[in-house]
Amino acid sequence: MSSSRHSGIGMTSQRTRLRMVERLRDQGICDEVVLAAMGEVPRHVFVDEALASRAYEDIALPLGFGQTISSPFTVARMTELARGGMDLGRVLDIGTGCGYQAAVLARVAREVYSVERLAPLLAKARRNLREFRLSSVRLRHGDGLLGLPEAAPFDAVVMAAAATHVPPALLDQLAVGGRMVLPMLINREQRLCVIERTTQGYAEKQMDQVKFVPLLPGVE
Ligand code: SAH
């Protein structure tokens with residue numbers, strides 16, 4: 001990939017990205033670490049070239065294979081909730097998609113494991129992430145419902161597909177003090193949920209209404 005695509009011009013420039021960050025601030029994202037990460041990762045590199053000029057608008061965009069990349073606000077919000085103001089060690093990202101959320105997480109966590117069930121999408125994410133040489137991001141083809149027991153426990157789990165119940169394997173793989181952020185289908189509505197593991201058990205909070213693709217079992 002050429003460096004001009006990376007640095008961007010016009011609608012894909014650093015200036016456009018910084019305007020996006022100011023909008024995120026106005027929309028209520030206040031974690032400076034997250035805002036800095038959103039300013040650093042060039043979202044246009046992760047979307048199809050034909051959509052690059054819309055990469056910094058606050059909209060979800062199609063990724064192919066019937067999947068979508070979440071809006072910048074949703075990615076920032078989930079990252080802010082996962083961090084809870086703390087430095088993160090190891091994080092599990094479920095639903096790699098194009099790899100954008102994984103790249104943002106890599107700026108706020110020491111290690112990122114990202115799992116995707118669709119092999120062709122994972123290949124796309126691998127290509128997108130290659131030029132950043134993020135040695136801290138590891139991509140895996142697998143079913144996120146099962147988590148990644150060999151890399152657990154995780155300080156945070158971020159899931160980009162809506163579940164009808166919290167996958168028990170993921171609760172097990174959360175470190176004490178860790179947080180899981182996921183869209184849950186509740187009364188036919190999707191809500192962003194934050195589940196914190198404490199020494200006593202798990203505490204759940206329901207947050208914003210959201211719209212994600214469904215979490216599907218198995219791999220393809
Ligand atoms: N975080 C992504 C958003 C991708 S959309 C990004 O930044 O681009 C959600 C993704 O979740 C899709 O790619 C879909 O294939 C994947 N997905 C759905 N169910 C899954 C499962 N059980 N395990 C892993 N990935 C899953």
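# A tour from the sheet to the aromatic pairs

Select helix 6 to begin: this helix lies across strand 4 and strand 5, and runs at about 165 degrees to strand 5. Helices (H or I, at least four residues) and strands (E, at least two) are DSSP runs, numbered from the N terminus. Angles run from 0 to 180 degrees between N-to-C directions, and the axes are lines fitted to C-alpha atoms, for helices over the stretch in contact. Contact means heavy atoms within 4.5 Å.

The model is predicted: local features need pLDDT of at least 70, side-chain atom pairs count only at pLDDT 80 or more, and totals for chains, interfaces and linings use all residues. Residues are numbered from 1 along each chain as its sequence is written, and side-chain values use heavy atoms, with hydrogens and water left out.

**The sheet**

Next, select the strands of the open sheet, which has 7 strands in the order 5-4-3-6-7-8-9 with mixed pairing. Two strands pair if DSSP finds at least two bridges between them. Strand 5 and strand 9 (202-209) are the edge strands; each has a single partner strand, so one side of each is left without a neighbour in the sheet. On average, neighbouring strands of this sheet are turned by 20 degrees against each other, direction ignored.

Move to strand 6. Of its 6 residues, 5 are buried, so the strand is mostly covered. Buried means under 20% relative accessible area, exposed over 50%, and partly exposed in between (1.4 Å probe, protein chains only). Strand 3 and strand 6 run parallel and are joined by 4 bridges; here Asp93 has Val158 in strand 6 as its bridge partner. Strand 6 also pairs with strand 7 in the parallel sense, over 4 bridges, and Ala156 finds its bridge partner in strand 7 at Arg179.

Continue to strand 7 (residues 174-186) and strand 8 (residues 189-197), which run antiparallel and are joined by 8 bridges. Selecting Leu185 and Gln190 displays one bridge, with Gln190 as the partner in strand 8. Then add helix 4 (residues 72-83), which lies across strand 3 (88-94), strand 6, strand 7, strand 8 and strand 9, at about 145 degrees to strand 7.

**Ile94 in strand 3**

Select Ile94, a residue of strand 3. Ile94 counts as buried, at 3% relative accessibility. With neighbours within four places in sequence left aside, the contacts of Ile94 are Val115, Gly144, Val157, Val158, Met159, Ala160, Leu170 and Leu215. The C-alpha atoms of Ile94 and Leu145 are separated by 8.4 Å, although these residues are 51 residues apart along the chain.

**Helix 3 and Glu40**

Select helix 3 next. At its start, a side-chain oxygen of Asp31 reaches to within 2.9 Å of the backbone nitrogen of Val33. Val34, Leu35, Ala37, Met38 and Gly39 in this helix are buried. The cover over the buried residues of helix 3 includes helix 2 (14-26), helix 4 and helix 5 (100-106).

Glu40 also has its place in helix 3, and at 41% relative accessibility Glu40 counts as partly exposed. Not counting residues up to four places away in sequence, Glu40 touches Arg17 and Arg107. With Arg107 there is a side-chain to side-chain polar contact at 3.0 Å. A polar contact is a pair of N or O atoms within 3.5 Å; within protein, one must be able to donate a hydrogen and the other to accept it, and residues adjacent in sequence count only if both atoms are side-chain atoms.

**The aromatic pairs**

Finally, display the aromatic rings: the structure holds 3 aromatic pairs. Rings of Phe, Tyr and Trp (its six-membered ring) pair if their centres lie within 6.5 Å; planes under 30 degrees apart count as stacked, over 60 as edge-to-face and the rest as tilted. The rings of Phe46 and Phe132 are stacked, because their centres are 5.6 Å apart and their planes are at 5 degrees. Phe46 lies in the loop between helix 3 (32-40) and strand 1 (61-64), and Phe132 in the loop between helix 6 (119-130) and strand 5 (137-141); the pair links distant parts of the chain, 86 residues apart. Phe46 is buried, with a relative accessible area of 2%, and Phe132 counts as buried at 16% relative accessibility.

The rings of Tyr113 and Phe154 form an edge-to-face pair, because their centres are 6.3 Å apart and their planes are at 65 degrees. Tyr113 lies in strand 4 (residues 109-116) and Phe154 in strand 6 (residues 154-159), so this pair ties together parts that are 41 residues apart in sequence. Tyr113 counts as buried at 8% relative accessibility, and Phe154 counts as buried at 0%.

As a last selection, take Phe46, Tyr100 and Phe132, which form one aromatic cluster.
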